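Biologist: I have a model open and want to learn how to read its strands and pockets. Where should we begin?

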Amino acid sequence: MNFNWAEHVPELTFLATALITLVVLSLVAPGVTFLLTRIANPFSFARDLLERVKPPLHFLIPLIGLQIVWRSAPETLRFAGAVNHLITLAIIGVIIWLGLRFVDAGRQVIFKRHPIQVSDNRTARKIHTQTQVLVHTLSFFVILFGVAAMLMTFPGAKQIGASLLASAGLAGLAVGFAAKPVLGNLIAGLQIAITQPLSLDDVVIVENEWGRIEEITSTYVVIKIWDERRLIVPLQYFIENPFQNWTRESTQLLGSLFLWVDYAMPLDPLRSELERLCKQNPELWDGRVSNIQVTDTSDKAIQLRILVSSSNASNSWDLRCLLREKLVQFIATNHPDYLPQLRTNYFEDSATIDFQPAKKNRDSTPAAD
């Protein structure tokens with residue numbers, strides 16, 4: 001059977017027009033984004049934003065043009081409705097991509113303006129934490145609304161949704177219970193972003209583990225333990241359970257260590273040695289606090305508490321270890337008699353000693369004359 005080209009001229013013309021539109025706009029889109037970048041070059045935020053959203057824009061512009069052209073497709077064209085539906089889904093997908101890149105671009109710009117790799121980074125860490133949590137939350141809603149928009153393009157989507165709601169029953173209850181942890185962590189993330197009980201790089205003690213907040217996602221927090229393990233904790237944990245935050249307001253800390261010495265130990269030389277050691281290590285001691293106090297006594301020794309200050313938790317740990325070693329060495333070298341000793345008293349009662357006369361040795365008896 002011969003194909004009659006004359007009967008399909010309108011359809012072929014339309015397909016050629018749609019193809020040319022798609023190709024031309026695909027070539028024009030990079031030029032448009034380049035021109036916009038040149039215009040926004042003096043403005044750092046707009047420039048960085050355009051750099052992040054360029055790839056989805058290169059797809060979105062041709063697809064929108066193709067959608068406009070395709071709406072005028074002749075009724076005789078086969079699969080026109082199906083192709084139009086696919087184009088719509090593609091546009092929604094690219095818009096989701098664009099939204100995610102837009103949110104990520106905002107995060108990158110904020111991080112760039114508030115670097116965390118500085119000595120006094122308390123404000124920057126708070127901003128990073130809020131931004132990180134909000135980015136995860138916004139990304140979740142972008143995907144959620146995008147998928148919902150895709151489903152709404154199908155005629156039966158509303159009917160399916162209505163039937164699911166009408167037949168909620170046990171299935172709806174199970175879905176509710178299944179979604180509870182996700183929604184709970186999402187809400188907990190928003191609470192953390194607003195109230196700031198913890199921030200990125202905070203030093204915390206969770207489940208008796210000492211570490212730093214390494215990452216905050218939309219559902220969990222990653223804590224880098226001091227021995228380089230990773231503790232994964234749900235966001236809800238920090239809302240429902242107490243935990244220690246050593247850098248909530250400031251990174252400065254007071255560290256203490258304890259020594260037991262003899263009652264006769266002179267404390268003035270020990271205080272002088274402590275001051276000398278602290279001044280000898282300015283990278284660990286911040287110069288605020290350095291003292292020795294007698295905090296306890298026992299029947300054998302007295303307890304000394306050495307209190308020193310440091311700029312952060314790591315320095316505090318290193319300083320306490322150093323002082324413990326050097327002070328014990330100082331006492332052992334200069335006052336060895338004043339280390340903790342066990343005293344005992346020995347009394348010899350002469351009345352209890354049994355004196356018995358020695359037996360004569362017959363061999364030593366003088367012979368009788």
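Modeller: Begin with one residue pair. K224 stands opposite R230 in β4. Bear in mind that this is a predicted model.

Biologist: What is the general idea behind such pairs?

Modeller: Strands of a sheet pair through backbone hydrogen bonds, either parallel or antiparallel. Here, β3 and β4 (residues 230-234) are antiparallel, with five bridges between them.

Biologist: How many residues lie between β3 and β4 in their hairpin?

Modeller: Four residues separate them. Look at E228 in that turn: its phi is positive, about 75°.

Biologist: And on the other side, which strand does β3 (residues 220-225) join, and through how many bridges?

Modeller: β3 joins β2 (residues 209-216) through five bridges, and the two run antiparallel. I216 faces V221 of β3. Three residues make the hairpin link from β2 to β3.

Biologist: Now the sheet further along the chain. What is the strand order in the open sheet of three strands?

Modeller: The order is β6-β8-β7, and the pairing is antiparallel. β6 (253-261) and β7 (290-297) each have a single partner strand, so they are the edges, and one side of each lacks a neighbour in the sheet. From one strand to the next, the twist averages 25°.

Biologist: Over how many bridges do β6 and β8 pair?

Modeller: Nine bridges, in the antiparallel sense, link β6 to β8 (residues 302-310). To find the register, take F258, which sits opposite R305 in β8.

Biologist: Which strands does helix α8 touch?

Modeller: Helix α8 (residues 267-280) packs on the sheet and touches β7 and β8. Its direction makes about 140° with that of β7. Helix α9 (residues 313-334) lies across β6 and β8. The angle between α9 and β6 is about 20°.

Biologist: Next, pockets. How does one find empty space?

Modeller: Rolling a probe the size of a water molecule over the atoms shows where empty space is left. In this model, the largest pocket has a volume of about 220 Å³.

Biologist: Which residues line the largest pocket?

Modeller: Select W210, W226, W246, A313, S314, W317, D318 and R320. By class, five are nonpolar, one is polar and two are charged.

Biologist: Which element gives the largest share of that lining?

Modeller: Helix α9 does, with five residues. That is the helix lying across β6 and β8, which ties the pocket back to our sheet tour.

Methods:
Residues are numbered from 1 along each chain as its sequence is written. This is a predicted model: local features need pLDDT of at least 70, side-chain atom pairs count only at pLDDT 80 or more; totals for chains, interfaces and linings use all residues. Side-chain values use heavy atoms; hydrogens and water are left out. Two strands pair if DSSP finds at least two bridges between them. Axes are lines fitted to C-alpha atoms, for helices over the stretch in contact, and angles run from 0 to 180 degrees between N-to-C directions. Contact means heavy atoms within 4.5 Å. On a 1 Å grid over the protein atoms alone, a cavity is a set of points where a 1.4 Å probe fits but cannot get out, and a pocket is an open set with protein on both sides within 12 Å along at least five of seven lines; lining residues have an atom within 4 Å of a point. Grid points are joined across faces, edges and corners, and a volume is the space filled by probe spheres set on the points. Ala, Val, Leu, Ile, Met, Phe, Trp, Tyr, Cys and Pro count as nonpolar, Asp, Glu, Lys and Arg as charged, and the others, Gly among them, as polar.
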